[in-house]
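Okay, thanks for squeezing me in today. Have the sequence and the model open while I talk, and I'll walk you through the parts I marked.

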Amino acid sequence: MTTVPRRFEILLVAEFTEDHEGPPAPENALRSALVEATGDTGSSGYPRYAGNGVEADIDPETRTVEALLIDGEELDYGLSVRVVPAPPA
């Protein structure tokens, strides 16, 4: 039985580079947000996470963002997000 993480950090980045190893560092992101599980399931069927103006449906196994709103708006073209483990509390 796997445990669904309670928190993630979402990094908003300008673009995705395939040859980049791993996620960008938080200090290189345009914006970062700590999100916590709300206990709800989003319209995508995945757990909903929210915090710091960000709402996201995240597949906790693959860390894939299935739905995303930033300050109530969809993501602009040319921007993408990365999901990384939340820093220790």
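So, where is the place of arginine 63? Arginine 63 sits in the loop that runs between β4 and β5. Bear in mind as we go that this is a predicted model. What I'd flag about arginine 63 is the backbone: phi is positive, about 60 degrees, and the residue is not a glycine. Its relative accessibility comes to 39%, so arginine 63 falls in the partly exposed class.

Let me zoom out for a second. The protein chain has 6 strands and 0 helices, so if you like reading topology strings, this one goes β-β-β-β-β-β along the sequence. Of its 89 residues, 29% count as buried. The exposed surface is about 6000 Å², and carbon and sulfur atoms supply 48% of that. And if you take the contacts with a separation of 6 or more, 43% of them join residues 24 or more positions apart.

Now the inside. In general, nonpolar side chains in soluble globular proteins tend to be buried together. Here the largest nonpolar core has 14 residues, and the ones that touch the most other members are Phe8, Ile10, Val35, Tyr49, Val54, Ile58 and Leu68. Which strands supply at least two residues each to this core? That would be β1 (7-13), β2 (31-41), β4 (54-59), β5 (64-70) and β6 (80-85).

Pick isoleucine 58 out of that group and look around it. Leaving out anything up to four places away in sequence, isoleucine 58 touches Phe8, Ile10, Val35, Tyr46, Pro47, Tyr49, Arg63, Thr64, Val65 and Val83. Notice our loop residue from the start, Arg63, is on that list.

Go along to aspartate 59, also in strand β4. Is aspartate 59 buried or exposed? Buried: its relative accessible area is 11%, and the cut-off is under 20%. Setting aside sequence neighbours up to four places away, aspartate 59 touches Tyr46, Thr64 and Glu66. There's a long-range pairing here too: valine 4 is 55 residues away in sequence from aspartate 59, yet the C-alpha atoms are 9.2 Å apart.

Next, the empty space. As a general point, rolling a probe the size of a water molecule over the atoms shows where empty space is left. How many cavities of 30 Å³ or more does the count come to? It comes to 1, and the space in the largest cavity is about 40 Å³. The lining is made up of Ile10, Leu11, Leu12, Arg31, Ala33, Val54 and Ile70. Two elements give two or more residues each to that lining, β1 and β2, with β1 providing the largest share at 3 residues. By type, the lining splits into 6 nonpolar, no polar and 1 charged. Ile10 and Val54 are worth a second look, since they line the cavity and are also among the core residues that touch the most other members.

Last stop is asparagine 52, in the loop between β3 (47-51) and β4. Here again phi is positive in a residue other than glycine, near 55 degrees. At 53% relative accessibility, asparagine 52 counts as exposed, because the cut-off for that is over 50%. Outside the four-place window in sequence, asparagine 52 is in contact with Arg31, Ala33 and Leu34. Arg31 and Ala33 you've just heard as cavity-lining residues.

Two more distances around that spot, both C-alpha to C-alpha. Asparagine 52 and isoleucine 70 are 18 residues apart in sequence and 8.9 Å apart in space. Aspartate 71, which is in the loop between β5 and β6, is 19 residues along the chain from asparagine 52, with 8.5 Å between them. Aspartate 71 itself touches Arg31 and Gly53, again not counting residues up to four places away. So which residue do asparagine 52 and aspartate 71 both touch? Arg31 is in both contact lists.

That's my tour, and I'm happy to go back to any of it.

Notes. Residues numbered from 1 in each chain as written. Predicted model: local features only at pLDDT ≥ 70, side-chain atom pairs only at ≥ 80, totals over all residues. Heavy atoms only, no water. Core = buried A, V, L, I, M, F, W, Y, C linked by side-chain atoms within 4.5 Å. Buried < 20%, exposed > 50% of the residue type's maximum accessible area, 1.4 Å probe, protein only. Helix = DSSP H or I, 4+ residues; strand = E, 2+ residues; numbered from the N terminus. Contact = heavy atoms within 4.5 Å. Areas by Shrake-Rupley, 256 points an atom, 1.4 Å probe, with all protein chains shown as cover. 1 Å grid on protein atoms, 1.4 Å probe; cavity = no way out; pocket = protein on both sides within 12 Å on 5 of 7 lines; lining within 4 Å. Points joined across faces, edges and corners; volume = space filled by probe spheres on them. Nonpolar A, V, L, I, M, F, W, Y, C, P; charged D, E, K, R; others polar.
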